[in-house]
Amino acid sequence: MSEPLDLYGVVGHPVAHSWSPFIHSMFARQTGERLTYRLYDVPPERFRSHVLEFASSGGRGLNVTVPHKLAAAQLAGESSERARVAGAANTLTFTGGLVIADNTDGVGLVRDLTVNLGLVLENRRILIAGAGGAARGVVGPLLGQSPVEIIVAGRTAERARALAQQFESLGPVRGCALEEISLGSFDLIVNATSASLAGEVPELPETAVGPVTTCYDMAYSRTETPFVRWAQERGCARAVQGWGMLVEQAAESFQIWRGVRPDTIPVLTLLERGAPLPPR
Ligand code: NDP
C-alpha cells in the first residue's frame with residue numbers, strides 16, 4: 001500500500017473562492033512533492049479547535065486567510081520575526097507538537113512588485129489604502145525596500161494610525177484617514193482594502209494618481225477589479241491585480257513546508273491567462 005499523502009490546506013471563512021488548492025497542486029506537480037491540499041471553511045468560533053484537531057490528526061501545515069490571520073498569530077507557540085512584527089499569520093506549520101506561525105504576504109507582494117513587475121521602491125512614495133490583516137503583513141517588508149515614505153490610509157482613521165504607529169521604528173510610515181491623504185501623486189498605490197469584494201473602490205483623492213503611478217490591487221478577479229478600472233480611468237502608468245502576490249506568497253509557504261522553491265511564473269501565467277476553475 002502506498003503511503004498517505006502529506007496533508008495541507010487553507011482555512012478561511014468564506015474560502016470557497018480560494019485558488020490556493022490549484023496553486024499548491026501545480027507546485028506539487030512541478031516539484032514532485034507528494035501532498036494533498038484542501039479547503040476548510042471554518043467560522044471564527046471554531047478556528048482554534050479546527051487548527052488543533054487538524055494538527056493532532058497529522059496535518060502538516062495550513063494557510064490562513066480572512067478573517068483568521070490575527071487569531072492564527074495568537075494561537076502559535078512560535079512565530080517567525082515577520083509574523084511577530086505583523087501580528088498576523090497566513091502560514092502555520094505543525095511539527096513536533098508545535099504550531100509555528102509565519103507571514104508570507106509581505107514577501108509575496110514585494111517579490112511580485114520588484115521581481116515580476118520590475119519596480120524600484122527605493123526613495124519612492126507609497127500609499128497603502130486599508131488597514132486590515134493584509135496591510136499589516138506588507139508594511140514591514142515594504143519599509144524594507146527603503147521608500148521615502150509610506151502612508152497607510154484607512155476608512156477608519158484610528159485603525160490606520162494605530163497600524164502605522166506599530167511600524168514607525170522600521171521606517172518612515174504614518175497613518176491617516178482616506179480624506180486626509182496629502183496632495184501629490186504616489187509612485188505606488190496598493191489597494192489593501194476589501195472594497196473590491198463588494199464591487200467598491202476606496203475613496204482616494206484623484207490627485208493620488210499621476211502618470212508614473214503603479215496601482216496594485218491586492219484583490220484579483222477573472223475580470224477587471226473596480227480599483228483597476230478606477231486607476232486606469234485616471235491615467236496611471238500601470239494597474240495590476242493581486243494574482244502575482246497570491247502566487248508568490250503561496251510559493252514562500254510551499255518552501256517553508258517542503259524546503260523546495262517552486263517556479264512561480266508558469267502558475268502565474270496560467271492564472272492570468274484564465275486557467276480553468278479548480279475542481280470543487
Ligand atoms: P480585512 O477584512 O482584514 O481588512 C479590510 C480593510 O478594508 C479594512 O481596513 C476596511 O476598513 C477596508 N475596507 C473595506 N471596504 C472598504 C471600502 N469600501 N472603502 C474603504 N476601505 C474599505 O481584509 P484583509 O486585509 O485580510 O484583505 C484585504 C484585501 O486583500 C482582500 O480583498 C483580500 O482578498 C486581499 N488579499 C489578497 C492577497 C493576495 O495574495 N493577493 C493576500 C491577502 C489579502 P475598516 O478598517 O474601516 O473596516
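The following paragraphs describe the two sheets of this predicted model, its ligand site and several local features of its backbone.

Residues are numbered from 1 along each chain as its sequence is written. Because the model is predicted, local features require a pLDDT of at least 70 and side-chain atom pairs count only at pLDDT 80 or more, whereas totals for chains, interfaces and linings use all residues, and side-chain values rest on heavy atoms, with hydrogens and water left out.

One open sheet is built from six strands in the order 2-1-3-5-6-4, with mixed pairing; strands here, like helices, are DSSP runs numbered from the N terminus (E, at least two residues, for strands; H or I, at least four, for helices), and two strands are taken to pair if DSSP finds at least two bridges between them. The edges of this sheet are formed by strand 2 (35-41) and strand 4, each of which pairs on one side only. Strand 4 (residues 78-79) runs parallel to strand 6 (residues 98-102) and is joined to it by two bridges, with Glu78 opposite Ile100 and Ser79 opposite Ala101. Strand 5 (residues 91-95), by contrast, pairs with strand 6 in the antiparallel sense over five bridges, and within this pairing Phe94 has Val99 as its bridge partner. Two residues lie between the strands in the hairpin of strand 5 and strand 6, where Gly96 takes a positive phi near 55 degrees.

A second open sheet, also of six strands, has the order 9-8-7-10-11-12 and parallel pairing. Its edge strands are strand 9 (173-177) and strand 12 (238-241), each pairing on one side only. Neighbouring strands of this sheet are turned against each other by 15 degrees on average, direction ignored; for such values, axes are lines fitted to C-alpha atoms, for helices over the stretch in contact, and angles run from 0 to 180 degrees between N-to-C directions. Within the sheet, strand 10 (residues 188-191) and strand 11 (residues 214-217) pair in the parallel sense over four bridges, and Leu188 stands opposite Thr214 of strand 11.

The ligand is surrounded by 26 residues, of which Ala134, Thr156, Arg159, Glu200 and Met218 come nearest; a residue is counted as near if one of its heavy atoms lies within 4 Å. Domain 1 (6-103 + 246-272) and domain 2 (106-241) both contribute residues to this shell, and the ligand therefore lies between them, the domain bounds being taken from an automatic or database domain assignment. Helix 6 (133-143) and helix 9 (243-258) each supply at least two residues of the shell, and helix 9 gives the most, with three residues. By class, the shell comprises 13 nonpolar, eight polar and five charged residues, where Ala, Val, Leu, Ile, Met, Phe, Trp, Tyr, Cys and Pro count as nonpolar, Asp, Glu, Lys and Arg as charged, and the others, Gly among them, as polar.

Oxygen atoms of the ligand are approached by both backbone and side-chain atoms: a backbone N or O atom of Ala134 lies 2.8 Å from one, a backbone N or O atom of Ala131 lies 3.0 Å from one, and a polar side-chain atom of Arg155 lies 3.0 Å from one. Taken alone the ligand exposes 940 Å², of which the protein buries 84%, with accessible areas computed by the Shrake-Rupley method with a 1.4 Å probe and, for residues, only the protein chains shown counting as cover.

Away from the ligand description, Ser80 is placed in the loop between strand 4 and helix 4 (81-86). The side chain of Ser80 makes a polar contact of 2.7 Å with that of Asp102, a polar contact being a pair of N or O atoms within 3.5 Å in which, within protein, one must be able to donate a hydrogen and the other to accept it, residues adjacent in sequence counting only if both atoms are side-chain atoms. A polar side-chain atom of Ser80 also lies 3.1 Å from the backbone nitrogen of Ala83.

Most residues other than glycine have a negative phi, and most peptide bonds are trans. Asn123, in the loop between helix 5 (105-116) and strand 7 (125-129), is not a glycine and yet has a positive phi of about 60 degrees. A cis peptide bond joins His13 and Pro14, with omega about 5 degrees, and Pro14 is located in the loop between strand 1 (6-12) and helix 1 (20-31). The peptide bond from Val66 to Pro67 is likewise cis, with omega near 5 degrees, and Pro67 lies in the loop between strand 3 (61-64) and helix 3 (69-75).
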